[in-house]
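This report describes how the strands of the structure shown below are arranged, and how they are linked. Please keep the sequence and the model at hand while reading.

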Amino acid sequence: MICKGVKPKYYFISGSGNKNSFSKKNLKKISISLSEEQKKYDIKLCGGDTTFSNKLSFTIIVVGFSKKIIYRNKAKVKDDIYVTGNLGDSFIGLQILKKKIKVNKKQYNYFTNKFYKPNLQFSLITKLFKFSNSSIDISDGLISDL
């Protein structure tokens, strides 16, 4: 939504899990984390659902409103290409957590935080309209999404 120039306002979260994954301790951690993110980004939880499952999963739906958006298919020849943040930080964090990469404590903290707590570029929401013909998140990777 951010790359479309739309500020998220509300979200719904549904989770599936069992007694182990939805223990009081884990639910408290999830609740604290969601509360921190809600305050940080001024977004409101509006509902959701929980179901029993042997596999843990979450589905999050985010809702926002805008009178205009930036489409993903309006790029023009000779447009510049910009990215925000450091590409690959979250991926490296995941590789560290999977124990595929060994790093020092400072690097461990930096990259795992990039994986667990990505920095959403809310400040770009209004600025994008000034210079963007087209915009897309690159969650599938820069080359794939280009």
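## The antiparallel pair

In this predicted model, Gly15 has Phe58 of strand β3 standing opposite. That pairing belongs to a longer contact, in which β1, covering residues 8-17, and β3, covering residues 57-64, run antiparallel and are joined by eight bridges. Another position within β1 and β3 can be given, since Pro8 has Gly64 of β3 as its bridge partner.

## The parallel pair

Strand β1 also pairs with strand β2, which spans residues 44-52, and here the two strands run parallel, with eight bridges between them. Within this pairing, Ser16 is found opposite Thr51 of β2.

The parallel strands are linked through a helix: β1, helix α1 (residues 24-41) and β2 together make up a β-α-β unit, and the unit is right-handed.

## The sheet as a whole

Which order do the three strands take in the open sheet? The order is β2-β1-β3, and the pairing within this sheet is mixed, with β2 and β3 as the edge strands, each of which pairs on one side only. From one strand to the next, the twist averages 15°.

As a general point for reading such a sheet, side chains in a regular strand alternate between the two faces of the sheet.

How values were computed: Residues numbered from 1 in each chain as written. Predicted model: local features only at pLDDT ≥ 70, side-chain atom pairs only at ≥ 80, totals over all residues. Heavy atoms only, no water. Pairing = 2+ DSSP bridges. Helix = DSSP H or I, 4+ residues; strand = E, 2+ residues; numbered from the N terminus. Right-handed = clockwise from strand over helix to strand, strands pointing away. Axes fitted to C-alpha atoms, helices over the stretch in contact; angles between N-to-C directions.
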